[in-house]
Amino acid sequence: MAEKSNVEWGPCCFCGKNIQAEMPDPLRITAETSAGKWQVWFAHAECFKKRLADPPEAPGFFNPAHF
Ligand SMILES: [Zn+2]
């Protein structure tokens, strides 16, 4: 069982569905904007991993995903 946290979870930035802290795979992604500011986005790990594609110069880079 994951440690209880006080994180306020927003909707997944991929599928738009709400994330519950009790779900097995909530992610917080730190994103840097083009203006150099930081934002925190939320996602389901499954939604994120589905979109990972190996870079052409590094086949296997995300296989297996390290999380
Ligand atoms: Zn999702």
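Here are some notes on this predicted model, taken point by point.

1. **The zinc site.** A good place to start is the zinc ion, whose protein donors are Cys12 (SG), Cys15 (SG), His44 (ND1) and Cys47 (SG), at 2.0 to 2.4 Å from the metal. Along the chain these donors follow the spacing C-x2-C-x28-H-x2-C. Cys15 sits in the segment before β1 (26-32) while Cys47 belongs to helix α1, so this pair ties together parts that lie 32 residues apart in sequence.

2. **Geometry at the metal.** What arrangement do the 4 donor atoms around the zinc ion make? The angles they subtend run from 102 to 116°, which makes the arrangement tetrahedral. For comparison, the ideal angle for four tetrahedral donors is 109.5 degrees.

3. **Burial of the donors.** You may like to check the four ligands one by one. Cys12 has a relative accessible area of 3%, so Cys12 is buried. His44 is buried at 9% relative accessibility, and Cys47 is buried at 10%. Cys15, at 35% relative accessibility, counts as partly exposed, because the buried class ends at 20%.

4. **His44 and its surroundings.** This ligand lies in strand β2. Setting aside residues up to four places away in sequence, His44 touches Cys12, Cys15, Lys17, Asn18, Ile19, Met23, Asp25 and Leu27. Two of the residues on that list, Cys12 and Cys15, are also zinc donors.

5. **The nonpolar core.** Which residues make up the largest nonpolar core? The set has 8 members: Trp9, Cys12, Ile19, Leu27, Phe42, Ala43, Ala45 and Cys47. Two elements, β2 (38-44) and α1 (45-50), each give two or more residues to this core. Cys12 and Cys47 appear in the core and also bind the zinc ion through their SG atoms.

6. **Leu27 within the core.** Leaving out neighbours within four places in sequence, Leu27 is in contact with Trp9, Trp41, Phe42, Ala43, His44, Ala45 and Phe48. Among these partners, Trp9, Phe42, Ala43 and Ala45 are fellow core members, whereas His44 is a donor to the zinc ion.

7. **Val7 and its partners.** Val7 is found in the segment before β1, and its relative accessible area of 23% makes this residue partly exposed. Beyond residues up to four places away in sequence, Val7 touches Arg28 and Phe42. The C-alpha atoms of Val7 and Arg28 are 9.6 Å apart in space, and the two residues are 21 apart in sequence. Phe42, the other partner, is part of the largest nonpolar core.

8. **A salt bridge in α1.** How many salt bridges does the model have? The count comes to 1, and it joins the side chains of Glu46 and Lys49 at 3.8 Å, N to O. These residues are 3 apart in helix α1, which means that about one helical turn separates them. Both ends are partly exposed: Glu46 has a relative accessible area of 47%, and Lys49 comes out at 27%.

9. **Cysteines and disulfides.** Finally, the disulfide count is 0. Cys12, Cys15 and Cys47 instead appear in the model as zinc donors through SG.

Conventions
Residues numbered from 1 in each chain as written. Predicted model: local features only at pLDDT ≥ 70, side-chain atom pairs only at ≥ 80, totals over all residues. Heavy atoms only, no water. Core = buried A, V, L, I, M, F, W, Y, C linked by side-chain atoms within 4.5 Å. Buried < 20%, exposed > 50% of the residue type's maximum accessible area, 1.4 Å probe, protein only. Helix = DSSP H or I, 4+ residues; strand = E, 2+ residues; numbered from the N terminus. Contact = heavy atoms within 4.5 Å. Donors = N, O, S within 2.8 Å, 3.2 Å for Na, K, Ca; no water. Tetrahedral: all angles 85-135°; square planar, octahedral: opposite > 155°, others 65-115°. Salt bridge = Lys/Arg side-chain N within 4 Å of Asp/Glu carboxyl O. Disulfide = S-S within 2.5 Å.
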